[in-house]
Amino acid sequence: MVKDQEFLEKKASYCLVLAKKLGATESSVIVNNSVSETVNFRNKKLDESNRSDDFGISITTYIGKKKSSISSSNLLDDNLNILIEKCVEATKNTPEDEFNSLPDKDLLAKEVKDLNLYDDTHIENDQKIDYLKKLEFAASNDRKIVNTESSFTQNKSNFILANTEGFCAGYKKSSFTASSVTVAKDEKSMERDYDYSSKCFFKDLDDAGELGKQAADQTIRKLSPKKIGSEKIAIIFDKRIAKGILSTFASAISSSAISRGTSFLKDKVNQKVFSDTINVLDKPDILKGLGSRNFDSEGVKTDTLKLVEQGVLKHYLIDTYNGRKLNLKSNGRCGGTSNLYFENGNISFKDLLNLKSKSLYITETIGHGSNIITGDYSVGATGFLVENGEFKHPINEITIAGNFKDMFQHITLANDLEFKYATNSPTMMIEGMVVAGK
Amino acid sequence: MLSMNNFFEKSDISRSEAENIVSDTLSKCDDGELYLENTKSETLLLDDNRIKNSSYNSDLGFGFRAISDEIVAYSHSNEISKNSLRQSSENLKSTLKSVKGTYNHEIPKSNKKYYDNINPIEQKSLNEKIKILNEVNNYLRSKDNNIKQVTANFLGEQKSVEIIRSGGESLTDVRPLIRFNVSVMLEKNGRKESGVYGVGGRQSYDFYLKDENWKSVCDEALRIASVNLESKPAPAGEMKVVLGPGWPAILIHEAVGHGLEGDFNRKKTSAFHNLMGQKVASEGVTIVDDGTIDNRRGSLTIDDEGTPTEKTVLIENGILKNFMQDRLNARIMKTRSTGSGRRENYRHIVLPRMRNTMMLSGNQTQDEMIKAVDKGIFAVSFGGGQVDITSGKFVFNCTEAYEIVNGKIGSPIKGATLIGDGPSSLKEVSMVGNDMMMDPGIGTCGKAGQGVPVGVAQPSILINKMTVGGTKL
């Protein structure tokens, strides 16, 4: 069982009191515990079980404008005594930084709303096994599927965030995650693909059979891919890839990248960075949302932010430290976004496929080809050639490249948004990118 | 043993009681162990003209593993106590229900050690480290007026591990690891570009920092950034590629390394699974994975199952010779462990992983390679790479590259992704250089959510055909 609030609070207050006694002028502490149980199947048989029980504590101490931090998985008082002493000692020896401090007291969250993030249901390993049997049966139905691997994880966690300004809050969260990875083979090729479902509540999880079938179908249709020539062509990003482009946008508007001057979106607030129809929201109070939260990792209240309105950038994602440097107030985004998404576009998925007589539909990218300093983007890709709205044949061993500054101005979104991850996008078309192939 | 962590010192369970639980749990299993780990690590970060972060981490825990046939049961916790160990034991037994195997007690022994038993964090005071970071910042900013940002960091770690096997056999290792990284951003005429360089390995900071050695790390980061400021758009399409020696060997790591790990081949999901004994690379191409090089980032005295590491020949003169194995995959594939069983930490199960993956020298020169190319690129430095094991397609991202026109190195080109096919790309290697070089000691390999430190090495090579992911058609 995951530890209760009372236990975590006791540890947190022990640390704050001790840090003060040892000479810290201010301090903050996060204590968390998570218990997770996973069962893996392979080729319809039990392959692995994994139980983890993890504690973590991290403490930041301040002496005036000096700051240092420690973290540990060992919550014994003996150990904490040594570490906090070490932390305060290191704080004394670390140079001052005028921007170091706890958040403004009036920005801290005053109440903790129940966002419906915790499901008490306990799924025994035998139930996980039943789910996976059903999933693997559906995944391996077609003879072209030569290997199936699937996994079910139940995770329960709890945390307390406390600081010397009197903030002390935390709450339990749960997640149930199932995934299926399948390998298909024909005379010419071997391909892999996957599907995945993750929810706060067990009863919301995708049906096992559908998940397995979806993974298998997506894999089989990738068989016998072709390589195409190099050309400029419209690219359609599947939702699971389009969300990555939104994540890159989020890192480019983080206050740390902005204050350090290492983002291609620096000084772009109130300027048009996307095409006219684009709206981007970060909404932390979605019930059962995978990224939902009451406050950020400093305790600052998080409100909904309309980051992009009709193509115009309205806000950066601001934490206390970088906010001070930029002379802006924290908007509760220390640690990043909550439920981040593009609002739906105006056309259906089918119409998007038909928008151009020829386009490339991308289902997977590999490589770390996003540079947020320059905006340059270049990654390996796998997908399908689309002609006149029809999927023609699979494609691989190509790269796609462009620059986000141009790419953002040429986005068309479908109206098929769903909340499958914490960051979500409808299917996305970008015109003007270059494909390198033969 | 004396300087070793005593994991049971502050616990309510004695070593012999723990040994009994291990033996009782594993008696009818095929394999398994109790893995105990204590890691102390430190991060110091200078960024934007100030010390941004000074933090210290102390991580303690165990992972208890039981294997029956192909099934792995694993349980881990931070708490080394009677209660916690018993709970883990019950959890393993409940997964494996009825076991009727024979525990394999055999594990090879070696007295060789590839690094010293030191704690690099304690060898230099916080003040000394902060002083060097400030000197790095001042040195770089005084060197070039276009410098708009300097980030430098130290990462130091000491990891102590103990493996207790059924019957009470204990294997221990203490692993130091450090890394020093510098990144700079230049801005000129409204254009911004960056350069990154670092060094590291399993030894003390002093080895890398004495005699102001850190200046050469700064110079290299600045040089890469300066080259990129002058870069033009990279070409798009298939062409010849010359790779420089050293770090570009992440090509080897992605193109063939992952595909030769035992688990993917046991499961037949690797593009290489049916190619043992066959020609998978050009003649003259020999690739080894070596855990035994002194003080290297990817070296290990013993792996995370207690097996001494070795130099494993993967590809010899173009022929596929061996996969990299941990104990589980070796047993099922009826071969021996190559000492490649690794895990990020006690929270993770063991997987067969790379250590220092190296292509050995041939006898041609880099000059000969450049001269042999009419139109192509010369890639010197890379960010990282990734591979799809099953289709064999892999990518890696250039951070410093030049065009080659009519046998001569031309202007620098913007960072681009290169994509190729693992099983066929090494057959396209037409020249192997005589200039093999190790990487500077900065690699981390990710697999199944686990990061482990690795090394790579290679001489210059000429590849006849790869797709370059630029924007210039």
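This is a short tour of a predicted model, with selections to make in order.

**The contact between the chains.** Show chains A and B together. The contact draws 65 residues from chain B and 62 residues from chain A. On the chain B side, select strand β2 (residues 50-68), which gives the most to the side that touches chain A, with ten residues. By class, that side of chain B has 30 polar, 18 nonpolar and 17 charged residues.

**A strand pair across the chains.** Keep β2 of chain B and add strand β3 (residues 66-72) of chain A. These two strands pair in the parallel sense over four bridges. To find one place along the pair, pick A:S72, which stands opposite B:S58.

**Helix α2 of chain A.** Select residues 77-93 of chain A. At 1.5 Å a residue, the 17 residues of this helix should span 24 Å, which agrees with its end C-alpha atoms being 24 Å apart. Now color its buried residues: A:L80, A:L83, A:I84, A:C87, A:V88, A:A90 and A:T91. They cover an arc of only 160 degrees around the axis, so they lie on the same side of α2 of chain A. The buried residues of the helix pack against α1, β2 and β3 of chain A, and also against β2 and α3 of chain B.

**Strand β18 of chain A.** Move to residues 428-436 of chain A, where seven of the nine residues are buried. Add strand β8 (residues 231-237), joined to β18 by six antiparallel bridges; here A:K232 is the bridge partner of A:V434. Next add strand β15 (residues 390-403), which runs antiparallel to β18 with three bridges. In this pairing, A:T399 stands opposite A:A436. Finish with strand β16 (residues 411-413), also antiparallel to β18 and joined by three bridges, where A:L413 stands opposite A:M428.

How values were computed:
Residues are numbered from 1 along each chain as its sequence is written. Chains are lettered from A and ligands numbered from 1 in the order in which they are written. This is a predicted model: local features need pLDDT of at least 70, side-chain atom pairs count only at pLDDT 80 or more; totals for chains, interfaces and linings use all residues. Two residues are in contact if their C-beta atoms, placed from the backbone, lie within 7 Å. Ala, Val, Leu, Ile, Met, Phe, Trp, Tyr, Cys and Pro count as nonpolar, Asp, Glu, Lys and Arg as charged, and the others, Gly among them, as polar. Two strands pair if DSSP finds at least two bridges between them. The expected span of a helix is 1.5 Å times one less than its number of residues. A residue is buried if 20 or more other C-beta atoms lie within 10 Å of its own, exposed if 12 or fewer, and partly exposed in between; C-beta atoms are placed from the backbone. The arc is that of the directions from the helix axis to the C-beta atoms.
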